[in-house]
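Colleague: Could you take one part of this model and walk me through it closely, strand by strand? After that, I would be glad to hear about the ligand site and anything else worth a look.

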Amino acid sequence: MATNSESDGKFADMQKDTVEFDGKQHMTTDYGLKISDPDHWLRVHSESNTGPTLLEDQIAREKIMRFDHERIPERVVHARGTGAFGTFKLYESAEDVTTAGVLTDTSRTTPLFLRFSTVQGSKGSADTVRDVRGFAVKMYTSEGNWDIVGNNIPVFFIQDAIKFPDLIHSVKPEPHNEVPQGQSAHNNFWDFVYMHSETTHMNYWQMSDRAIPRSYRMMQGFGVNTYSLINRDGKRHFVKFHFTPELGVHSLVWDEALKICGQDPDFHRKDLISAIEAGHFPRWKFGLQLIPEENKDDFDFDILDATKVWPEELVPIRYIGEMELNRNVDEFFPQTEQAAFCTSHIVPGIDFSDDPLLQGRNFSYFDTQISRLGPNWEELPVNRPVCPYMNLVNRDGAMRHRITKGTINYWPNRFEANPPASPAQGGFTSHPGKQIGIKSRGLSEKFNEHYYQAQTFYNSLSQIEKIHLAKAFSFELDHCDDPIVYKRVTERVAAVSLELAEAVAKNVGGEAPSKALKANKGQKAKGLSQFEYQPTKPTIATRRIAILIADGFDYSSYTTMKEVLEAHGAFVFTIGALRSGVVSEDGQKVIPDNFFNGMRSTLFDAVFVPGGKHVSALAKNGVAKFWITESFAHLKAIAGVNEAVPFIERQIGLEEVKLADADSTVTESYGVVTGHGDTASILKVADIGPDSKTLAEQFIWHVSCHRNWQRELDGLADQIAA
Ligand code: HDD
């Protein structure tokens with residue numbers, strides 16, 4: 001085996017990139033010198049005098065200088081993100097439409113890396129801001145890397161890539177004061193929205209709950225742009241790529257999202273890491289929407305327009321595979337921060353289309369990687385293909401570390417070294433598309449319609465999603481202080497819905513239009529409301545559930561419920577008065593995971609309060625009391641037994657919410673599940689569903705429903721301080 005030992009003269013292993021720390025190696029400088037004192041700079045000193053610090057100390061100098069350069073430029077957009085490794089498997093070959101091995105060979109398991117991100121904020125901004133989420137997948141296929149650089153929203157703000165710098169400048173913090181961070185709620189962004197009616201459709205998605213996901217694991221992913229698939233006969237289909245999560249699509253509520261920004265800015269990245277660590281690997285079905293080339297003009301929109309979806313009624317999704325994330329990164333910087341994607345990276349069997357946004361993107365990404373990571377960015381382990389690769393012409397440049405032996409660095413050469421591959425040998429060829437046209441700036445006529453799909457999106461939302469949309473518009477425009485901006489935009493909303501425009505204008509002091517600026521044709525479509533995406537079976541796996549306890553809690557109901565929830569895959573956390581220990585009625589000591597002031601209800605999906613005398617202590621603790629009130633306002637499942645019932649009742653304090661009286665074993669009202677009786681019977685679990693009988697079953701069912709929307713529809717959530 002090759003070693004790096006001087007004595008045996010072999011240095012072949014020097015390019016190994018992954019280093020295991022065995023716990024024993026001594027600390028050295030990066031040039032290999034063993035360090036004896038890493039804590040003091042070399043200086044002239046004596047016991048009584050600290051003299052000058054010496055610049056000759058190369059160990060200290062190099063440590064500081066290296067540190068000075070630890071940061072690289074953050075991504076110009078999508079700076080805040082996190083990633084994980086995983087795999088892609090096909091369960092159905094798409095060989096009728098493509099020759100791509102990754103989409104035809106059902107025996108393959110393709111390794112991949114996925115990076116999720118927000119768009120607007122800096123690298124240090126919070127996870128739960130209202131924003132589009134990036135969904136960038138790098139598949140390390142046997143024919144080269146294939147990058148799908150998508151979002152969790154299927155459409156985009158603009159049609160032509162030349163507008164991208166304007167869009168991003170308008171949404172990023174304003175130039176004079178670098179405000180606001182992690183928000184689109186400011187004059188410039190909404191001014192841009194008004195000036196570009198093509199943003200309307202995406203703007204509605206962005207104001208919907210899609211932009212405040214509960215978890216990266218509960219979002220759809222979309223390739224957004226139109227690509228092509230080419231089959232063995234050279235026939236082209238236009239294609240859009242879809243990823244649909246096994247866990248369903250779920251969001252936070254806005255007040256909760258806002259608070260989590262401060263209470264745990266890393267909420268989403270921790271959520272992903274802990275689910276993977278616990279072996280609950282997130283999965284997405286992978287699907288294709290396909291339009292044969294000859295049908296490209298059959299639609300009332302241009303299929304190359306990234307501001308439009310392809311309605312599923314007209315172009316159904318054909319699910320052919322599954323993606324799983326199953327490995328966290330070992331080190332964030334080299335693997336996630338240095339991960340770099342290019343929309344232009346495709347493999348044989350896949351090709352581009354004339355989508356004007358995609359074509360511009362294909363220039364932009366390679367360029368940005370060069371400025372962020374240098375020309376040799378593809379040599380970094382996370383970006384490197386796993387298939388053999390060799391290009392003798394692409395050489396040199398900063399940070400080149402791959403060493404290629406031989407004398408040739410050009411093609412053709414007298415040795416025929418590094419020859420190109422014919423299509424039969426797997427070589428990529430571009431689809432020979434026919435082009436006829438006049439060279440000019442512009443887009444085809446169909447790109448000019450900007451409202452119809454936004455109307456369809458709005459019409460297709462559930463009532464609760466519409467309420468949230470109105471609140472989101474109102475919040476954003478309330479943060480605009482230039483009347484030109486919020487008055488114009490509130491009026492423009494009427495191009496999609498008059499009722500929405502009226503509600504928003506009233507809230508923010510805008511111009512309430514008297515008539516719809518565009519007739520809403522009332523059209524609805526499939527797949528637009530996120531409520532359509534639910535897990536196939538009710539599940540509470542990976543849901544974060546808090547159990548509140550103080551001295552004097554009932555040990556039996558505490559442990560039984562904890563075990564039941566954990567057996568169903570939930571992440572259960574005991575939140576106690578003190579983390580040093582809480583003692584039950586019968587003298588059993590429990591060490592809580594956190595104490596009340598260390599956590600907040602916002603960071604959990606549901607709460608359970610066991611019975612016992614501890615309720616008198618809970619009733620004197622503001623955090624514990626507000627936990628229940630806030631969980632109710634955020635529409636979360638709440639459960640309590642025996643003595644906990646009156647405690648819960650006092651915090652909610654609404655007569656519409658009926659809680660169990662002394663005689664009732666289980667009562668469920670607005671997702672609040674309460675009951676009396678012995679633990680063995682009320683916490684038994686057999687069957688989970690809306691008609692389940694026991695308290696534990698009912699609680700699990702309501703947690704699996706994500707949120708109790710009825711509370712908000714009946715105006716109860718608004719009545720209680722959040
Ligand atoms: Fe972009 C990053 C998604 C339009 C230029 N984009 C970036 C990332 C995602 C997207 C997910 C983060 C990748 C990562 O995790 O490293 N971008 C999109 C989608 C778009 C889109 C879905 C519309 C369909 N982007 C778009 C246009 C341009 C760019 C029109 C420029 C003409 N995008 C970039 C960029 C970034 C980027 C400046 C910044 C960091 C990077 O590329 O690697 O080049």
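Modeller: Happy to! Let's begin at a hairpin: strands E8 and E9 form one, with five residues between them. In its turn sits glycine 234, whose phi is positive, about 80 degrees. Please keep in mind that this is a predicted model.

E8 covers residues 227–230 and is joined to E9 by four bridges, the two strands running antiparallel. If you want a pair to click on, tyrosine 227 has valine 239 of E9 as its bridge partner.

E9 has other partners too. Strand E7, residues 221–222, is also antiparallel to E9 and is joined to it by two bridges. Here phenylalanine 222 is matched with histidine 242 in E9. Then there is strand E10, residues 283–292, which shares nine bridges with E9, again in an antiparallel arrangement. Threonine 244 finds its bridge partner in E10 at lysine 285.

How enclosed is E9 itself? The strand runs over residues 236–245, and 10 of its 10 residues are buried, so the rest of the structure largely encloses it. Taking the two faces in turn, one side carries Arg236, Phe238, Lys240, His242 and Thr244, and the other carries His237, Val239, Phe241, Phe243 and Pro245. Both faces are covered, and every one of those side members is buried. Val239, the partner of tyrosine 227, and His242, the partner of phenylalanine 222, are therefore on opposite faces of a strand that is largely enclosed.

Now to the ligand. Its iron atom has a single protein donor, the OH of Tyr365, at 1.9 Å. Tyrosine 365 belongs to helix H9, which spans residues 356–373. That helix also gives the largest share of the shell around the ligand, with six residues. H9 is joined by strands E5 (133–141) and E6 (144–151) in supplying at least two shell residues each.

In total, 23 residues surround the ligand, and those that come nearest are Arg75, Arg115, Arg361, Tyr365 and Gln369. By class, the shell splits into 12 nonpolar, eight polar and three charged residues. For polar contacts, an N or O atom in the side chain of arginine 75 is 2.8 Å from a ligand oxygen. Arginine 361 places a side-chain N or O atom 3.1 Å from a ligand nitrogen, and histidine 78 has a polar side-chain atom 3.4 Å from a nitrogen of the ligand.

What about disulfides? Searching the whole structure turns up zero. Cysteine 387 is an example: its closest cysteine sulfur, in cysteine 342, is 15 Å away, which is too far for a bond, given that a disulfide needs the two sulfur atoms within 2.5 Å. Cysteine 387 is also buried, because its relative accessible area is 12%, under the 20% limit. Cysteine 705, at 28% relative accessibility, counts as partly exposed.

One last stop is aspartate 105, in the loop between helix H2 (101–104) and strand E4 (109–118). With a relative accessibility of 29%, aspartate 105 counts as partly exposed. Its C-alpha is 9.1 Å from that of tyrosine 91, and the two residues are 14 apart in sequence.

Note on methods: Residues numbered from 1 in each chain as written. Predicted model: local features only at pLDDT ≥ 70, side-chain atom pairs only at ≥ 80, totals over all residues. Heavy atoms only, no water. Donors = N, O, S within 2.8 Å, 3.2 Å for Na, K, Ca; no water. Near = heavy atom within 4 Å. Polar contact = N/O pair within 3.5 Å; in protein donor to acceptor, adjacent residues only side chain to side chain. Nonpolar A, V, L, I, M, F, W, Y, C, P; charged D, E, K, R; others polar. Buried < 20%, exposed > 50% of the residue type's maximum accessible area, 1.4 Å probe, protein only. Pairing = 2+ DSSP bridges.
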